[in-house]
Amino acid sequence: MPAALKISPFVGGGGLDPSVSKVYTGWYAVLSGGSFPLHDVSWQYPPGAALPILAPGLVPGLDYGHAFIVLAALCDAAVFALLLWAARRRGRSLAAPWLWTVGLAVLSTMPWNRFDLHVTALAMLALVAASARRAWADRAFGAVTAIAAVVKVWPALLLAGTPRGRRTRTAWTAAAVTGAAVTAGFALAMPNAFSFLAAQESRGIQIESVGSLPFHVARHFGWSGTWAAKDGSHEFVGPWVHGVSIAMQISTVLAFGWLLWWRRRSDRTAARVLPDAALTATLLFVVTSRVISPQYLVWLVGLAAVCLLRGDTTQHPVALLILAACLFTTLDFPLLYRGLRDHASWLSIANLYVRNLLLLVAAWLSARRLWRGTVPARRPV
């Protein structure tokens, strides 16, 4: 049973989450008028993000907010059915659908109130399609991955683990052609399709990211900075923030450099490598990002669930760490968020440290196990 069927998608007194009732509704008003938001700093997504935002307008008989929740519920149920079908088809345990169920339940109402659920569903579908032993599998994987990446960039990381030779060429070509076609279609049909690029330039250190950790403690020791509502999130502003932001960007570049080195050295013929590498790459992206929003955990739960469809995956302990991080993420937002943002309470800081430490350990362990499971040991000369 999908986790989302057990929880309410609403907040206090039956009201909709502000992300749906205010932010998404406002975007829908602009997008349905035939243009992308031009001066809205919170719109920081590729043009394909218009698809999940516009889709609720096609649901008859419901207002926008409740239609969005209904579509999210259907998406949750479809992912659960996909995982259950894939597990039974391969004669595997039900660890994958259970991880999805428990992970989303622990994340409470948040997954139904973000379009990250839709993107994660596409990424999971792409990985499941890639596991089919059919001639079309690599093309389908590349095409679906591209569609997901045009909605929100991170699914492009799924391409990190493609096998050498023809399969990589097929998948990457399908992704490039599909991504270019979809992007061009939006660019021709709606103005300002690439306005999101300018909005990304000024991103700072969001108060829940790994880079924010020293500033939370520094606030108790005379640091003169503070937080501000900026670029669609709450970010730190003040001394040293820019330097930490640069350091986080450098760490992202180093992480991608490690992925390239791994691709050069690794044996990627085993079917488990593609989902395992996707989870590793996404974890590295998350922990080195200047932003860690609660919905990022939906990505990680989905990718970890696909990994668990294979009994020989290297990511079993990583999935458990991600599940634990979900609990502390829900404690952070919304339960302890005001104390973290406004008062820098030690309880909320400690909770954030534990959550981010779990993600850091998960990223390190995921990369370590991926390397050991795919890179042949060098023999002494």
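The following dialogue asks how some labels given to this predicted model are earned.

Reader: What should I know before we start, given that this is a predicted model?
Author: Local features need pLDDT of at least 70, side-chain atom pairs count only at pLDDT 80 or more, and totals for chains, interfaces and linings use all residues. Residues are numbered from 1 along each chain as its sequence is written, and side-chain values use heavy atoms, with hydrogens and water left out.

Reader: Why are Phe-36 and Phe-186 called an edge-to-face aromatic pair?
Author: Rings of Phe, Tyr and Trp (its six-membered ring) pair if their centres lie within 6.5 Å; planes under 30 degrees apart are stacked, over 60 edge-to-face, and the rest tilted. By this rule there are 19 aromatic pairs. For Phe-36 and Phe-186 the centres are 6.1 Å apart and the planes stand at 65°. That is within 6.5 Å and over 60, so the label is edge-to-face.

Reader: What makes this pair a tie between parts of the chain?
Author: Phe-36 lies in the loop between helix H1 (18-31) and helix H2 (50-54), while Phe-186 is in helix H7 (residues 166-189), so the pair ties together parts 150 residues apart in sequence. Helices (H or I, at least four residues) and strands (E, at least two) are DSSP runs, numbered from the N terminus.

Reader: Are Phe-36 and Phe-186 buried or exposed?
Author: Both Phe-36 and Phe-186 are buried. Buried means under 20% relative accessible area, exposed over 50%, and partly exposed in between (1.4 Å probe, protein chains only).

Reader: Why is the pair of Trp-258 and Trp-371 called tilted?
Author: The planes of Trp-258 and Trp-371 meet at 40°, with 6.0 Å centre to centre. An angle of 40° is neither under 30 nor over 60, so the pair is tilted. Trp-258 lies in helix H10 (residues 241-265) and Trp-371 in helix H15 (residues 346-374), so this pair ties together parts 113 residues apart in sequence.

Reader: How do you know that Trp-258 is partly exposed?
Author: The relative accessibility of Trp-258 is 25%, so it counts as partly exposed. Trp-371 is partly exposed too, with a relative accessible area of 22%.

Reader: Which residues do ring pairs link into a cluster?
Author: Among them are Tyr-24, Trp-27, Phe-36, Phe-115 and Phe-186.

Reader: What makes Lys-152 lie over the face of Phe-115?
Author: A charge sits over a ring if NZ of Lys or CZ of Arg is within 6 Å of the ring centre and within 35 degrees of the ring normal. Lys-152 is 5.3 Å from the ring centre of Phe-115. Arg-268 has its charged end over the ring of Trp-262, 5.9 Å from the centre.

Reader: How do you know that the span of H3 is close to the expected one?
Author: The expected span of a helix is 1.5 Å times one less than its number of residues. Helix H3 (residues 64-89) has 26 residues and reaches 37 Å from first C-alpha to last, close to the expected 38 Å.

Reader: What caps the N-terminal end of H3?
Author: Asp-63 does: a side-chain oxygen lies 3.1 Å from the backbone nitrogen of Gly-65. Gly-91 follows H3, and its phi is positive, near 70°.

Reader: Why is H11 called mostly covered?
Author: Of its 16 residues, 15 are buried. One residue of H11 is Leu-284. At 14% relative accessibility, Leu-284 counts as buried.

Reader: Why does Arg-272 count as buried?
Author: Its relative accessibility is 13%, and the limit is under 20%, so Arg-272 counts as buried. Arg-272 is in the loop between H10 and H11, and its side chain reaches the backbone oxygen of Gly-373 at 3.0 Å.

Reader: How do you know that Thr-120 is buried?
Author: The relative accessible area of Thr-120 is 0%. Thr-120 is in helix H5, and its side chain reaches the backbone oxygen of Asp-116 at 2.8 Å.

Reader: What makes Trp-240 exposed?
Author: Trp-240 has 69% relative accessibility, which is over 50%, so it counts as exposed. Trp-240 also has a positive phi of about 75° although it is not a glycine.

Reader: Is Ala-344 buried or exposed?
Author: Ala-344 is buried, with a relative accessible area of 4%. Its phi is near 50°, a positive value in a residue other than glycine.

Technical notes: Polar contact = N/O pair within 3.5 Å; in protein donor to acceptor, adjacent residues only side chain to side chain.
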